[in-house]
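Trainee: Please take me through this model one element at a time, and let each answer set out its reasoning before it names the result.

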Amino acid sequence: MDIKDILAAAIKEAAQKAIDKGSLKQGVLPEVMLEVPPQKEFGDFATNFAMQSARSLHCAPRQIAQAVVDNLDCPSVDRMEIAGPGFINFYLKQNWTADLLANILAAGEAYGNLPANDLGRVQVEYVSANPTGPLHIGHARGAAVGSAMVNLLRAAGYDVESEYYINDAGNQMNNLAASVNARYLQLLKLEEMGGVPADLTVKQLDEMPTGIPFPENGYHGYDIIETAQRIIRIYGKEFVALDEKERLAKFLDIAYKEKLAGLKEDLEAFGVTFDVWFSEKSLHEANKIREAVAFLQERGYIYEQGGALWLNSTAQGDDKDRVVIRDNGIPTYFAADIAYHRNKFERGFARVINLWGADHHGYIARVKAAVNALGFDANNLEIMLLQMVRLYRNGDIVKLSKRTGETITLRELMDEVGTDAARYFFCMRSLDSQLDFDMTLATEKSNENPVYYIQYAHARISSIGRQLAEAGIEAVPAGELKLETLVAPEELALIKKLGEYPELIARAARERAVHSVATYAYELAGLFHSFYNQCRILGVETDLQQARIALVKAVGHTIRHALGILGVSAPERM
């Protein structure tokens, strides 16, 4: 237990003692919430426990606060003050920071990992972009935040499985095949007309008189031209003589495999891997979609109208009913999503978390309605929306890629700013707020760049280790450390900040607040830089030197742990 846990337990015990003595009335005691006051003169910790328990104990907050002060037994507390309407400010003894640091050092690299909880299995599904083209910036934010969310939940003791839902069925796949087919035939026609320009653009190809139309709902990305060019390099004109249906089937197979492999390659380069890649097509092949609809029909949630089958989703809180089987007998995308979410809960997940783009806001109510209709608790389906990203370079909004004239891809962003900077910048703001991504700042090697600032702190720590080794100074065993020698304001601020980390992990996991970890890492790095500038390690008295070495070691552990959650590296040299 850290000092906050010890103090919280002591406060609750003090209140219970007062109840047992009769100085407070019987009542349910709330959980004790402790905060670090913004100003040091208000103590090391403060609580509003007295105000929170006033209604239950039928007593004035200041009277409850006095009862807690009179009955508190906590050796680490030096003194207490009651302030305002009933706040209690706690001033701890000087050596409590030494005990805290000793516990942090004992945990070592595992500091920040919480015990496994019993809240059941959790699934986090994120990215899930259609395998029809490269990942763009919106997908990139989802990839960074989603993978960091998985890391955070695991650190907090959750049993987590990550999943990518592959939308490999339906019209988007037919449109992919048709798009590749058109580009393939257009490029071959250009070769007959005198050759394909080396710097061919999508716009140029669309305007050239090949006589081969591009499908109305086709994918206009430059990557489709690249796919067609690769097919020509490998197979030449082999597919021209095929029946169009057969050729489309060939192109669907080739393009799908290529696009999916490209998605996986880009995600892995971005530090993102998944435990499960779930195919939508598998639901169709196993007849799971019609089974789910039939199940809902048995439960009385499906009715027929106009030759189509409808889900009575308004009965579950949706604003209107939804078609699940069209009048031509073909299931809707929504029907596939119903079957997919049924599958998720049938796999035994206690909590299902979906990270979606903000444009899916209107889809939440219908999916939750379907989950309720299936007999599951929709409260266990958590849908988080990622707001849009705006890219800036040199103060100007960047909308299009210089190379393709299209939306900038994840791969292009990684090439320009690096994986570490991209991941940190995507994670440093709450996912429900719009993100202005400054690409110029992300590449700067300055204290203005937050990821550089944090990584530089870790590199400094590694540099200290090398300097100590060169000087022949070795760290002493933990039992010989005199941690009570750490009394400088910069040292105490660092230790207290380190002590906040486990609670930060627990809270961030509960609130799904990945950005809190990014903020904490930045603040910890700032405190370390201040310590580094004010507190020498070489050339000071041995006990103090060894205590400072231990403190630096603890900071290094914690920075690595936080950056690890964010998927950002902790370099030893910069």
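Trainee: Which residue stands opposite Ala308 in E9?

Mentor: E8 and E9, the latter covering residues 308-311, pair in the antiparallel sense over four bridges, where pairing requires that DSSP find at least two bridges between two strands. Strands (E, at least two residues) and helices (H or I, at least four) are DSSP runs, numbered from the N terminus. Within this antiparallel pair, the residue that stands opposite Ala308 is Gln305.

Trainee: I note that this is a predicted model, in which local features need pLDDT of at least 70 and side-chain atom pairs count only at pLDDT 80 or more, while totals for chains, interfaces and linings use all residues. Residues are numbered from 1 along each chain as its sequence is written, and side-chain values use heavy atoms, with hydrogens and water left out. Which are the edge strands of the sheet with the order E8-E9-E10?

Mentor: That sheet is open and has three strands with antiparallel pairing. From one strand to the next, the twist averages 45 degrees, taken between axes that are lines fitted to C-alpha atoms (for helices over the stretch in contact), with angles running from 0 to 180 degrees between N-to-C directions. Two strands pair on one side only, and these edge strands are E8 (302-305) and E10 (322-325).

Trainee: In the sheet with the order E14-E13-E15, why is one side of some strands left without a neighbour, and which strands are they?

Mentor: The pairing in this open sheet of three strands is mixed. A strand at the edge has a single partner strand, so one side of it is left without a neighbour in the sheet, and the strands concerned are E14 and E15.

Trainee: By how many degrees are neighbouring strands of this sheet turned against each other on average?

Mentor: The strands in question follow the order E14-E13-E15. With direction ignored, the average turn between neighbours is 40 degrees.

Trainee: Which residue in E15 stands opposite Tyr392?

Mentor: E13 and E15 pair in the parallel sense, over four bridges. Across this parallel pair, the residue of E15 that stands opposite Tyr392 is Asp438.

Trainee: At about what angle to E15 does H16 run?

Mentor: H16 lies across both E13 and E15, two strands that are themselves paired in the parallel sense. Its direction relative to E15 is at about 155 degrees.

Trainee: Which elements do the buried residues of H15 pack against?

Mentor: In H15 (residues 410-417), the buried residues are Leu410, Glu412, Leu413, Met414 and Val417, buried meaning under 20% relative accessible area, exposed over 50% and partly exposed in between (1.4 Å probe, protein chains only). Contact means heavy atoms within 4.5 Å. The packing partners are helix H6 (137-155), helix H10 (244-269), strand E13 (389-393), helix H16 (419-427), strand E15 (435-438) and helix H17 (439-442).

Trainee: Which residue follows H15, with a positive phi?

Mentor: The helix H15 spans residues 410-417. The residue that comes after H15 has a phi near 95 degrees, and it is Gly418.

Trainee: Is Asp70 buried or exposed?

Mentor: Asp70 lies in helix H4, residues 61-71. Its C-alpha atom is separated by 9.9 Å from that of Met80, ten residues apart along the chain. Because the relative accessible area of Asp70 is 54%, this residue is exposed.
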